[in-house]
Amino acid sequence: MRLERKRKYRSFFISVFLSLFVIFAAEAQDVIDIPESSEVRSRIVDTWLEQPIPILRTYEDEELESVDGYSFQVHFEEYGNDSMIIVAPAKTEKVELYTDSGVEYIQRKMYKAESPGSWILFRNSKTGEPTCVRYYFTVNTEIFIQFRRSGSIPAEKSLADVMVFGEYAAKNVPVGIPLEYFYDMSCDDVLSLLRYVVPWASQPFYSSLYNDILQMTGVIRDNLPRFHFLEDAAYDEAGNLVTIKDGIFLAAAGSNEDPLYVSSPGFVKWIVDGLVRPLSGSGILREPLIKKTEVFKSGSLSDTMAKKYDTTLALDWTRNLAAAMVSIYSGRDYTYETSGVQLNSVPFNDAYYESNGFKISILKPIFYYLAATEPGRFYLGAIRHTVNDGAEFVVYNECAAFFPAFDKNGKFSVAVFMDGEEIKIEDFTEDYDGDFVQLVRIQASEQFFPR
């Protein structure tokens with residue numbers, strides 16, 4: 001009777017939400033196969049989920065098969081005051097087996113707590129009370145939804161969090177459902193409850209939207225061996241190697257490798273020029289790219305340093321590059337101020353500061369969000385670094401290009417290119433931890449033919 005009342009209440013609540021959403025055409029949507037454990041969980045409410053902790057300590061792992069044919073393992077773990085009941089789907093992996101005759105590779109069924117389709121119930125080891133329910137709902141297991149019980153709210157309500165690579169995309173969202181109702185609630189129903197809060201986390205997935213990004217990423221990688229770093233160097237609209245600030249011609253050594261000599265700003269211009277040449281037959285004009293986009297108070301330290309060292313070169317360069325692309329794509333003349341290329345909002349607390357930009361330390365969750373909400377775009381970044389040379393001032397003298405995308409299997413990645421090289425996003429965020437980056441957006445295209 002108790003479970004029946006739960007299901008009636010839950011079904012009514014979910015039906016109200018589901019009636020508000022648009023149903024997308026199934027034939028256009030990619031189907032990512034995430035095992036669903038709700039039916040299995042409904043069978044173990046009494047035998048596992050609500051059993052006393054001392055009894056659970058005596059349990060052996062149990063394998064169960066869902067009505068859909070998926071294999072799951074129910075497993076108990078305990079760490080200090082936290083106990084976990086884990087319902088994990090099977091995943092076949094290749095493992096090394098060392099024998100007297102050498103190394104053999106065998107296929108073994110694995111059950112990992114943090115895997116697509118896993119579900120975890122957290123309980124207090126002392127009291128046995130449920131404290132949290134967690135759903136791993138994508139192939140990217142660094143993203144999950146959890147529902148918590150809080151001492152400041154009634155037991156018949158829960159608080160929802162959405163975690164993305166260690167950052168809260170949503171936190172403490174009130175949900176009018178007791179924690180126990182999630183024991184047998186499906187992942188689809190859970191996502192429906194939160195579509196108003198994090199619509200981007202559960203929207204339909206279309207891998208074709210990322211073809212342009214992946215195409216550009218592949219072409220850039222193929223050309224990386226050609227690059228050589230050269231300070232203050234870029235290719236102008238005619239393909240001549242010149243200085244960035246003055247447009248003075250530079251002599252470059254030739255070779256059979258067809259080398260390219262670029263500075264940090266010159267490299268990102270090479271990328272953008274690869275989009276422009278198929279449309280106009282030439283690259284972007286150099287001189288408009290050094291136009292100032294940041295104005296400092298006259299006589300201030302920032303103003304003095306900007307005039308002396310050109311401290312905003314990378315910032316002006318990336319902003320003007322993105323504005324130029326908007327003008328070319330639209331057939332109308334836009335400046336940086338009128339182009340709308342600046343990115344200044346993401347759903348992460350303390351991620352963006354108007355005068356500083358985005359925290360580099362949390363770029364990976366930021367780009368996950370952008371890949372979901374702005375598919376088919378890449379981003380140029382001007383790195384903001386604070387220099388303390390007797391007096392503290394800010395410089396923007398390095399640029400990077402970021403290409404966030406999901407592959408055909410729904411796996412997320414972000415390619416980072418800088419100074420003619422590719423850098424892992426984890427290494428980039430570590431190298432520039434404590435710094436900020438100003439981001440501008442550009443529409444990607446498969447018609448990408450760099451020189």
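Begin by selecting helix H9, residues 301-309, where the buried residues are Asp303, Met305 and Ala306. Keep in mind throughout the tour that this is a predicted model. With H9 still highlighted, add strand S17 (391-395), which is among the elements that cover the buried residues of the helix. Then step to Asp310, the residue that follows H9, and inspect its backbone, where phi is positive, near 55 degrees.

**The whole chain**

Zoom out before going further, so that the next stops can be placed in the chain. The secondary structure comes to 13 helices and 21 strands, and the C-alpha atoms fill a box of roughly 80 × 65 × 50 Å when this is taken along the principal axes. Of the 451 residues, 51% count as buried. If you display the contacts in the chain with a separation of 6 or more, residues 24 or more positions apart account for 61% of them.

**Ala314 in helix H10**

Select next helix H10, residues 313-330, and within this helix pick out Ala314. Ala314 has a relative accessibility of 0% and therefore counts as buried. Which residues is Ala314 in contact with, once its neighbours within four places in sequence are left aside? Show Ala382, Tyr396, Asn397, Glu398 and Cys399, and you have the contacts of Ala314 on that basis. Draw a distance from Ala314 to Ala382, and the C-alpha atoms should lie 5.4 Å apart in space, although the two are 68 residues apart in sequence.

**Helices H7 and H8**

Move now to helix H7 (residues 211-223) and helix H8 (residues 264-280), which pack at an angle of about 130 degrees, with their axes 12 Å apart. That angle makes H7 oblique to H8, and the crossing of the two helices is right-handed. To see the contact itself, show the side chains of Met216, Ile220 and Asn223 on H7, together with those of Phe267, Trp270, Ile271 and Leu275 on H8. How do the residues of this contact divide into nonpolar, polar and charged? Six of the residues in the contact of H7 with H8 are nonpolar and one is polar, while no charged residue takes part.

**Aromatic pairs**

For the last stops, colour the rings of Phe, Tyr and Trp; with a limit of 6.5 Å between ring centres, the count comes to 26 aromatic pairs. Select Phe205 and Phe406, a pair that is edge-to-face, with 6.0 Å from centre to centre and 80 degrees between the planes. Where in the chain do Phe205 and Phe406 lie? Phe205 is in the loop between helix H6 (199-202) and H7, and Phe406 is in strand S18 (residues 399-406), so that the pair links distant parts of the chain, 201 residues apart. Both Phe205 and Phe406 are buried.

For another geometry, turn to Tyr352 and Phe358, whose ring centres are 4.7 Å apart and whose planes stand at 50 degrees, so this pair is tilted. Are these two rings in residues that are buried or exposed? Tyr352 is partly exposed, with a relative accessible area of 22%, whereas Phe358 is buried, with a relative accessible area of 0%.

Finish by returning to Phe205 and Phe406 and adding Phe165, Trp200, Tyr210, Tyr368, Tyr369 and Phe412, since ring pairs link these residues into a cluster.

Terms used. Residues are numbered from 1 along each chain as its sequence is written. This is a predicted model: local features need pLDDT of at least 70, side-chain atom pairs count only at pLDDT 80 or more; totals for chains, interfaces and linings use all residues. Side-chain values use heavy atoms; hydrogens and water are left out. Axes are lines fitted to C-alpha atoms, for helices over the stretch in contact, and angles run from 0 to 180 degrees between N-to-C directions. Helices (H or I, at least four residues) and strands (E, at least two) are DSSP runs, numbered from the N terminus. Angles under 35 degrees count as roughly parallel, over 145 as roughly antiparallel, 65 to 115 as roughly perpendicular and the rest as oblique. A crossing is left-handed if the near helix is turned anticlockwise from the far one by less than a right angle, and right-handed if clockwise. Contact means heavy atoms within 4.5 Å. Ala, Val, Leu, Ile, Met, Phe, Trp, Tyr, Cys and Pro count as nonpolar, Asp, Glu, Lys and Arg as charged, and the others, Gly among them, as polar. Rings of Phe, Tyr and Trp (its six-membered ring) pair if their centres lie within 6.5 Å; planes under 30 degrees apart count as stacked, over 60 as edge-to-face and the rest as tilted. Buried means under 20% relative accessible area, exposed over 50%, partly exposed in between (1.4 Å probe, protein chains only).
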